[in-house]
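Here is a short briefing on one protein chain. It takes salt bridges first, then pockets, then two residues that deserve a look.

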Amino acid sequence: MPGLPPFVGRRVAPTTAARRTLMMVRLDLITIVVDDYDDAIEFFTGALGFDLVEDSPSLTNDGRPKRWVVVRPPGAETGVLLARADGPHQAAVVGNQAAGRVGFFLRVEDFDAARARMAAAGVEFVSPPRSEPYGRVAVFLDLAGNRWDLLGPA
């Protein structure tokens with residue numbers, strides 16, 4: 001494609017050196033901007049069944065107090081950093097971090113049981129379950145309104 005870098009529009013296999021480097025890397029955390037730490041902890045641990053991995057005092061880059069709050073699905077390596085919005089720019093993305101698209105994906109072994117447990121805990125599902133080539137899926141909202149896919153086996 002003219003004017004684009006050579007890797008755009010095609011799949012590029014990593015070099016042997018890159019493969020060795022990638023083996024030492026893992027996605028550790030993703031951030032979800034929230035209005036309130038405690039409400040977010042309650043939602044993720046209660047409604048979604050995540051584990052609270054860490055809740056420690058911390059400081060912003062300019063020295064103001066904040067908390068370092070990490071939740072993670074049981075047995076998962078990748079966690080979610082719950083970051084309280086700091087100022088109007090960050091507050092504007094609460095609940096809309098993926099611009100209205102599904103931005104987060106929660107894969108479970110027992111789709112029906114997870115969906116029933118989550119619905120009983122007050123999680124709002126905005127689509128009925130459906131089957132896709134990659135499994136069963138239903139869209140739900142987190143406490144702020146971000147869209148998530150609940151994914152299970154086909």
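**Salt bridges**

The count of salt bridges comes to eight. The model is a predicted one. Three of the pairs are described below, followed by the pockets and two single residues.

*Glu77 and Arg26*

- The side chains of Glu77 and Arg26 form a salt bridge, with N to O at 3.8 Å.
- This pair links distant parts of the chain, 51 residues apart.
- Glu77 sits in the loop between β3 and β4, and Arg26 in the loop between α1 (16-23) and β1 (29-34).
- Glu77 is exposed, because its relative accessible area is 54% and the cut-off for exposed is over 50%.

*Arg64 and Asp62*

- Arg64 and Asp62 meet through their side chains in a salt bridge of 3.1 Å, N to O.
- Arg64 is partly exposed, at 36% relative accessible area.
- Asp62 has 53% relative accessibility, so Asp62 counts as exposed.

*Arg130 and Glu132*

- A salt bridge joins Arg130 to Glu132, and their closest N and O atoms are 2.8 Å apart.
- Arg130 counts as partly exposed, with 33% relative accessibility.
- Glu132 is also partly exposed, its relative accessible area being 29%.
- Elsewhere, salt bridges that share partners join Arg26, Asp28 and Glu77 into one network.

**Largest pocket**

- What is the volume of the largest pocket? The value is about 400 Å³.
- The lining of the largest pocket holds 19 residues. Closest to the centre are Phe50, Pro73, Ala76, Leu106 and Arg107.
- Three elements give two or more residues to this lining: β4 (79-84), β5 (102-107) and α4 (111-120).
- Which element gives the most to the lining of the largest pocket? β5 does, with five residues.
- By class, the lining of the largest pocket has 13 nonpolar, four polar and two charged residues.

**Second largest pocket**

- The second largest pocket has a volume of about 250 Å³.
- It is lined by 15 residues. Nearest the centre of the second largest pocket lie Tyr37, Thr60, Lys66, Arg84 and Asp86.
- At least two residues of this lining come from β3 (65-72), and at least two from β4.
- The lining of the second largest pocket divides into seven nonpolar, three polar and five charged residues.
- β4 thus appears in the linings of the largest pocket and of the second largest pocket.

**Asp149**

- Asp149 belongs to strand β9 (residues 147-152).
- Is Asp149 buried or exposed? Asp149 is buried, yet has no salt bridge.
- The nearest side chain of opposite charge is that of Arg130, 5.2 Å away. A salt bridge needs the nitrogen within 4 Å of the carboxyl oxygen, so this pair does not count.
- Arg130 has a salt bridge with Glu132.
- Beyond its neighbours within four places in sequence, Asp149 is in contact with Val102, Phe104, Phe105 and Leu106, among others.
- Its contacts also include Val137, Ala138, Val139 and Phe140.

**Ala99**

- Ala99 is not a glycine, yet its phi is positive, at about 55°.
- Where does Ala99 lie? Ala99 is in the loop between α3 (88-91) and β5.
- Ala99 is exposed, with a relative accessible area of 63%.

Note on methods
Residues numbered from 1 in each chain as written. Predicted model: local features only at pLDDT ≥ 70, side-chain atom pairs only at ≥ 80, totals over all residues. Heavy atoms only, no water. 1 Å grid on protein atoms, 1.4 Å probe; cavity = no way out; pocket = protein on both sides within 12 Å on 5 of 7 lines; lining within 4 Å. Points joined across faces, edges and corners; volume = space filled by probe spheres on them. Helix = DSSP H or I, 4+ residues; strand = E, 2+ residues; numbered from the N terminus. Nonpolar A, V, L, I, M, F, W, Y, C, P; charged D, E, K, R; others polar. Buried < 20%, exposed > 50% of the residue type's maximum accessible area, 1.4 Å probe, protein only. Lys, Arg positive; Asp, Glu negative; His and termini not counted. Contact = heavy atoms within 4.5 Å.
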